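Q: Hey, can we look at the pockets in this one together? I'm new to this.
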Amino acid sequence: MPAPDAATFERLSSYASIRSRADRDTRTITAVFTGEPLGTVPVGTAEDVAAAVETARTAQRQWAARPVRERAAIVERYRALLVAERDRLMDIIQAETGKARWAAQEEIIGMIFAARWFAKAAPNLLAPHRVPGAFPVLNRATVRHQPKGVVGVIAPWNYPMLLAIGDAIPALLAGNAVVVKPDSQTPYSALVNVDLLRRAGLPEGLLQVIPGPGTVVGTAIVDSCDFLMFTGSSGTGAALAQQCGRRLIGFAAELGGKNPMIVTRSADLGKAAKAAVRACFSNAGQLCISIERLYVEQSVAEEFTTKFTAAVRAAKLGAAYDFSTDIGSLISEAQLETVTKHVADAVSKGATVLAGGNARPDLGPLFFEPTVLSGVTDEMECGRNETFGPLVSIYPVADVEEAVVRANDTEYGLNASVWAGTAAEGEAIAQRLRTGTVCVNEGYAPAWATTAAPMGGMGISGVGRRHGPDGLLKFTEAQNVVTTRLFNLDAPYGISQSTWQPALMAMARAIRFLPGR
């Protein structure tokens, strides 16, 4: 099955929010599997961002005035288009990223789940609700949620559709306009969704996608938006947080991870070993929540390692626009270089390659075998640093206590996986781990796909949460409207302050006896 044709990508380029100009710079986007060009996209400037934000602000005012249920109906129609056009969308994702088709499908499923949950939940989450006023009867308090205005989304290349448009959906539902900077390597995955959302009924101008370098387009978005959502490295996230802090705008981010998996002696080792291949090597390990550290109880470490390495060797590596392969390509020379260096560094310092360990140019320019190491120490590059590639280290441990201590011994805290004989045992271990999500008897997907629950990181793995009520309400400003009735807090006519103030205190003390106070 071939990649989509060039005409498809050229048409998608027209959805970029960039003014046409004869001397406009362009960037050629290449197919990761082959290195052949897919098409060209215009490169945005700070002036393009300024124009896009101005357009977005105008559109946002009318959008925010529309009932939430009307906004949700548009998102529901968009969800139906995702289902109907899933094959075309997976083709585009694969062409830009080189991931296996099942990993591309993960993005589509994640977006379908997010669109459905947020569309269903938004009317209730955004509805004004009453809270107890300061003084019963006298005060009526209502909490409302107003949109931030223009939300900036700076999206990564590894899940370029889900982590761009998946974050735009709740922001739009909350009444905002959205300006997206996709990664320069993967603009089409965002641009195709402009087409889908417009076909679903989203007014023009509300969703602006501006390809271009982060130093130009990203900086301009941070300098002009009212809230920033970022997914990427912890270092870049820290720098963006400082920029947002200087402007006193809100900021949320999902950042890096050095995610652990714990396998206990009571676990089903065959099932754990098979699932660990997905958990470690989805999208060739280029996933913030994938597993890079395996802690296995000593009594079953040898058996698990044998089963796991066999499953890794059996995984099919290759380029295909169908479901015939298990693991796809890395996305860039930079990623290939990082993985190659991490493996070489570990081996030079005493680590042992149990599986993989080699680049595979015979399959495509950026392929690298899924690799398992033993004997990894903190002095090695891959010991404590995120590789973000198809590389995992396995560590036998004396018991669960040691596994928990070592799993928590990191600055990161994004995701973890626990495999145990019973759900109760796994959940007890999970509660001791300092990560934003924990999957018991799975790797990462169920926690991500549980859209009703918050998803994010602890430590340097993130700020704020996507998904769940927080994933929508973070794009709003809470407003408290309190109406005073009958009489206000001034002393009534004819009553002195010396009489009135003790009466107020008596009322305040009595409130504690009321229900809910």
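Q: How much space lies in the largest pocket?
A: About 520 Å³. The model is predicted, so to speak of local features needs pLDDT of at least 70, and side-chain atom pairs count only at pLDDT 80 or more, while totals for chains, interfaces and linings use all residues. Residues are numbered from 1 along each chain as its sequence is written, and side-chain values use heavy atoms, leaving out hydrogens and water.

Q: What counts as a pocket, and how do you get a volume?
A: On a 1 Å grid over the protein atoms alone, a pocket is an open set of points with protein on both sides within 12 Å along at least five of seven lines, and lining residues have an atom within 4 Å of a point. Points are joined across faces, edges and corners, and the volume is the space filled by probe spheres set on them (the probe is 1.4 Å).

Q: Which residues lie nearest the centre of the largest pocket?
A: Phe230, Thr231, Gly232, Ser233 and Thr236, out of 25 lining residues.

Q: And which element gives the most to that lining?
A: α9, with four residues. Helices (H or I, at least four residues) and strands (E, at least two) are DSSP runs, numbered from the N terminus.

Q: OK, switching: what's the volume of the second largest pocket?
A: About 300 Å³. Its lining has 19 residues, with Glu106, Glu107, Tyr444, Ala445 and Trp448 nearest the centre.

Q: Which elements give two or more residues there?
A: α5 (101–126) and α16 (445–449). α5 gives the most, seven residues.
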